[in-house]
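These are my notes from a session spent with one model, written down in the order in which I looked things up.

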Amino acid sequence: MTNVVELKVGLHCEECIKKILKAIKKLEDIETYNVDTQLNKVIVTGNVTTEEVIRVLQKIGKSASTWEEAQLSC
């Protein structure tokens, strides 16, 4: 089953983005992934859960929240 996971992540520099992309690539069953630097948004599609993507990002020291949670806090 294909899910779309949209997360709010702090993207401060090119190194951050490289680390995030490297970590996401290690997830199994992903189809596509994208980083929107203007919105600080990471989008992953595939057979993954939000929790899996957040856990991978937390392992590299990045905090992430669902896009819906981020919209509510504005």
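The entries below go from the helices to the core, then to the charged side chains, the loops and one strand residue.

**Entry 1: helix H1.** I kept in mind throughout that this is a predicted model. I began with the length of helix H1, residues 14–25, whose twelve residues should span 16 Å at 1.5 Å a residue; I found its end C-alpha atoms 16 Å apart, which agrees. I then asked which residues of H1 are buried. The list I wrote down is Cys16, Ile17, Ile20, Ala23 and Ile24. Looking down the axis of H1, I saw that these buried residues fall within an arc of 130°, so they line one face of the helix. On the other side of H1, I noted Glu14, Lys22 and Lys25 as exposed. For the partners of the buried residues of H1, I found that they pack against strand E1 (3–9), strand E2 (30–36), strand E3 (41–46) and helix H2 (50–59).

**Entry 2: helix H2.** I repeated the search on H2, where Val53, Ile54, Val56 and Leu57 are the buried residues. They cover an arc of only 160° around the axis, which puts them on the same side of H2. The face turned away from that buried side carries Glu51 and Lys59, both exposed. Among the elements that cover the buried residues of H2, I listed E1, H1, E3 and E4. Just after H2, I came upon Gly61, which takes a positive phi of about 90°.

**Entry 3: the core.** I next asked which members of the largest nonpolar core touch the most other members. This core has 18 residues, and the ones that stand out by that count are Leu7, Val9, Ile20, Val42, Val53 and Leu57. Two or more residues of the core come from each of E1, H1, E3 and H2. I followed Val9 further and, leaving aside its neighbours within four places in sequence, found it in contact with Ile20, Asn40, Val42, Leu57, Lys62, Ser63 and Ala64.

**Entry 4: salt bridges.** How many salt bridges does a search of the whole structure find? I recorded two. In one of them, the side chains of Glu6 and Lys41 meet at 3.6 Å, N to O. Glu6 lies in strand E1 and Lys41 in strand E3, so this pair ties together parts that are 35 residues apart in sequence. I checked the accessibility of both partners: Glu6 counts as partly exposed at 27% relative accessibility, whereas Lys41, with a relative accessible area of 11%, is buried. The other salt bridge joins the side chains of Lys18 and Glu15 at 3.8 Å, N to O. Both of these residues lie in helix H1, three residues apart, about one turn of the helix. Glu15 has 48% relative accessibility and counts as partly exposed.

**Entry 5: Lys62.** Having met Lys62 among the contacts of Val9, I looked up its place, which is in the loop between H2 and strand E4 (64–66). Lys62 is buried yet has no salt bridge, and the nearest side chain of opposite charge, that of Glu15, is 11 Å away. Not counting residues up to four places away in sequence, Lys62 touches Val9, Gly10, His12, Cys16, Ile20 and Leu57.

**Entry 6: positive phi outside glycine.** I noted beforehand that most residues other than glycine have a negative phi. Asp29 is not a glycine, yet I read a positive phi of about 65° for it; its place is in the loop between H1 and E2, and at 48% relative accessibility Asp29 counts as partly exposed. Asn40, also not a glycine, has a positive phi of about 55°. Asn40 sits in the loop between E2 and E3 and, at 23% relative accessibility, counts as partly exposed.

**Entry 7: Val35.** My last look was at Val35, in strand E2, which counts as buried at 18% relative accessibility, the limit for that class being under 20%. I found Val35 and Ile17 to be 18 residues apart in sequence and 7.6 Å apart in space, C-alpha to C-alpha. Ile17 is also among the residues that Val35 touches, together with Leu11, Leu21, Lys41 and Val42, again not counting residues up to four places away in sequence.

Note on methods: Residues are numbered from 1 along each chain as its sequence is written. This is a predicted model: local features need pLDDT of at least 70, side-chain atom pairs count only at pLDDT 80 or more; totals for chains, interfaces and linings use all residues. Side-chain values use heavy atoms; hydrogens and water are left out. Helices (H or I, at least four residues) and strands (E, at least two) are DSSP runs, numbered from the N terminus. The expected span of a helix is 1.5 Å times one less than its number of residues. Buried means under 20% relative accessible area, exposed over 50%, partly exposed in between (1.4 Å probe, protein chains only). The arc is that of the directions from the helix axis to the C-beta atoms. Contact means heavy atoms within 4.5 Å. A nonpolar core is a set of buried Ala, Val, Leu, Ile, Met, Phe, Trp, Tyr and Cys residues joined through side-chain atoms within 4.5 Å. A salt bridge is a side-chain nitrogen of Lys or Arg within 4 Å of a carboxyl oxygen of Asp or Glu. Lys and Arg count as positive and Asp and Glu as negative; His and the chain ends are not counted.
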